[in-house]
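Here are my notes on this one, as promised. Have the model open while you read, and go through the points in order.

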Amino acid sequence: MESRMSQTDPATPPAAAGAPHPAMLAKAETLTEALPYIQKYAGRVFVVKFGGHAMVDAARSREFAQDVVLLKTVGIHPVVVHGGGPQIGEMLARLGVESEFVDGLRVTDAETARIAEMVLGGAINKEIVRWIGAAGGRAVGLSGKDAGLVTARKLTRTRRDPDSAIERTIDLGFVGEPETVDARVLDVMIRDGIIPVIAPIAAGTDGQTYNINADSMAGAIAGALSAARLMLLTDVAGVRGADGELMAELGTGDVKRLREQGVISGGMIPKLETCVDAIAKGLDAAVILDGRVPHGLLLEFFTRTGAGTLIKSS
Ligand SMILES: Nc1ncnc2c1ncn2[C@@H]1O[C@H](COP(=O)(O)OP(=O)(O)O)[C@@H](O)[C@H]1O
Ligand SMILES: CC(=O)N[C@@H](CCC(=O)OP(=O)(O)O)C(=O)O
C-alpha cells in the first residue's frame with residue numbers, strides 16, 4: 001500500500017477536531033472548481049504551443065509536461081506544437097551564421113533551414129517527449145514531414161516604402177506557411193492515448209524543407225482538428241494594449257488596428273495573426289499566456305479567473 005503523509009503541515013495551525021484541515025479543504029475546493037471544465041472539455045482537443053522563450057529551464061519543462069499529462073489523464077486531448085526560436089538563434093551564433101527577422105519571422109537560407117530542422121526536430125522535440133514520458137505520459141515526436149501531416153508553401157511579405165509608398169516584396173527564403181494539413185496520423189495517435197509533439201518544419205510540394213513559425217503551425221493544426229482551444233505559451237503575461245496594461249480579452253476585429261498603431265510588434269504579430277485565422281476557421285477561442293508561470297496551463301484551464309489574454313471573434 002502507498003504510504004500517506006500526515007495531514008498536518010507544521011506551517012499551518014491545526015484544524016478544529018473532526019473538521020478537515022484548511023489546507024486539505026483548499027485542495028478539495030481546487031479540484032471541485034476544475035470539475036465543470038473537465039466535464040465541458042472531456043473528449044475535445046486542446047492545441048498547446050510551447051514557445052522557445054517559455055522553455056526557460058528544466059523545472060519549467062517538467063511542469064509543462066506534468067500539466068499536459070494531467071489533461072490527458074482527465075480525458076482532454078492535448079496536442080503539443082513547440083517553438084525554439086532562441087535555441088535556433090544560439091546554435092546559429094555558435095556556428096557563426098547571421099540571422100535577421102522580418103515581422104517576427106526568421107529569414108531562412110538553405111543552411112539556416114538545415115540548422116532549424118536539426119534544433120527543432122532533434123534536440124527540442126525529443127526533450128519534450130522525454131519530459132512527457134517522465135510524467136507518465138506517452139508522447140510521439142514528429143514534424144510536418146511525417147505521414148504528410150503538413151505541407152508548406154513559400155511565404156512572402158510585402159513592405160510599403162515610406163517615401164515612395166511603393167509596395168515591395170521581401171524574400172524570406174525557406175520560410176513557409178502551412179498549405180495543407182492531413183490530421184489522420186494525429187487522430188490515430190489521440191485515439192491510442194498518445195500525445196503528439198510537433199516540430200514546426202514541413203516540406204513543400206517542391207521537395208524543399210521549410211521553416212514555419214511555430215504559432216502558424218499550431219494554428220493550422222488547431223483548425224484541422226477543430227480544437228476547442230489554442231493556447232500559446234510565451235514569455236509575457238499576455239497582450240499589452242496601447243496603455244501598456246495587460247488586456248484580459250481582445251476581439252479579432254481589434255488586431256489589425258493594434259498592429260497599424262504599432263502596439264503589437266515582433267513575435268506578437270504571427271501569434272495574433274494565427275489566432276485571427278484560426279478563429280475565422282471555426283476555433284472557439286485562443287489564449288496567449290505566460291509560459292514561465294509554474295503550472296500556468298492548468299491555472300488557465302481549470303480556474304474561473306484564467307490567465308493571459310483571451311482572443312475571441314468580434
Ligand atoms: N503588445 C504586445 N504585448 C505583449 N508582447 C508584445 C507586444 N508586442 C510585441 N510583443 C513582443 O512579443 C514577444 C512574444 O513573441 P515571441 O518572442 O515570438 O515569443 P515565443 O518565442 O514565445 O513565440 C514578447 O516577448 C514581446 O517582446
Ligand atoms: C520562420 C520562423 O521564424 N521560424 C521560427 C521557428 C521556431 C519558432 O517559431 O519558435 P518560437 O515559437 O520559440 O519563436 C524560427 O526560426 O525561429
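**Notes on the fold and the two ligand shells**

1. Let me start with a small backbone detail: serine 226 comes after helix H6 and has a positive phi, near 45 degrees. Helices and strands here are DSSP runs (H or I over at least four residues for a helix, E over at least two for a strand), numbered from the N terminus.

2. Some housekeeping. This is a predicted model, where local features need pLDDT of at least 70 and side-chain atom pairs count only at pLDDT 80 or more, while totals for chains, interfaces and linings use all residues. Residues are numbered from 1 along each chain as its sequence is written, and chains are lettered from A and ligands numbered from 1 in the order in which they are written.

3. Back to H6, residues 214–224. Since 11 of its 11 residues are buried, H6 is largely enclosed by the rest of the structure. Buried means that 20 or more other C-beta atoms lie within 10 Å of the residue's own, with C-beta atoms placed from the backbone. Among the buried residues are Asp215, Ser216 and Met217, along with several alanines such as Ala218 and Ala220.

4. What does H6 lie across? It crosses strands E6 (150–160), E7 (167–181) and E10, and runs at about 35 degrees to E7. Angles are taken between N-to-C directions, from 0 to 180 degrees, using axes fitted to C-alpha atoms (for helices, over the stretch in contact). Contact means C-beta atoms, placed from the backbone, within 7 Å.

5. Those strands belong to a closed barrel of 4 strands, E6-E7-E10-E9, with mixed pairing. From one strand to the next, the twist averages 60 degrees. Two strands count as paired if DSSP finds at least two bridges between them. E9 (residues 201–204) and E10 (residues 209–212) run antiparallel and are joined by 3 bridges; alanine 203 has threonine 209 in E10 as its bridge partner.

6. There is also an open sheet of 8 strands, ordered E5-E8-E2-E1-E11-E13-E14-E12, again with mixed pairing. E5 (139–143) and E12 (249–251) are the edge strands, each with a single partner, so one side of each has no neighbour in the sheet. Direction ignored, neighbouring strands are turned by 20 degrees against each other on average.

7. Edge strand or not, E5 is mostly covered, with 4 of its 5 residues buried. It pairs in the parallel sense with E8 (residues 195–199) over 5 bridges, and alanine 139 is partnered by isoleucine 195 in E8. Elsewhere in the sheet, E11 (residues 229–234) and E13 (residues 285–290) are parallel over 6 bridges, with leucine 233 bridged to leucine 289 in E13. Helix H7 (residues 252–260) packs on the sheet, touching E12 and E14 (309–312), and makes about 90 degrees with the direction of E12.

8. Which residues come nearest to ligand 1? Of the 18 around it, these are Gly51, Thr234, Arg240, Gly267 and Met268. A residue belongs to a shell if its C-beta atom, placed from the backbone, lies within 6 Å of the molecule. By class, the ligand 1 shell has 6 nonpolar, 10 polar and 2 charged residues. Nonpolar covers Ala, Val, Leu, Ile, Met, Phe, Trp, Tyr, Cys and Pro; charged covers Asp, Glu, Lys and Arg; the others, Gly among them, are polar.

9. Ligand 2 is surrounded by 16 residues, the closest being Gly52, Gly83, Gly85, Arg106 and Ala214. Helix H3 (85–94) and strand E4 (105–106) are the elements giving two or more residues to this shell.

Conventions
Two residues are in contact if their C-beta atoms, placed from the backbone, lie within 7 Å. A residue is buried if 20 or more other C-beta atoms lie within 10 Å of its own, exposed if 12 or fewer, and partly exposed in between; C-beta atoms are placed from the backbone.
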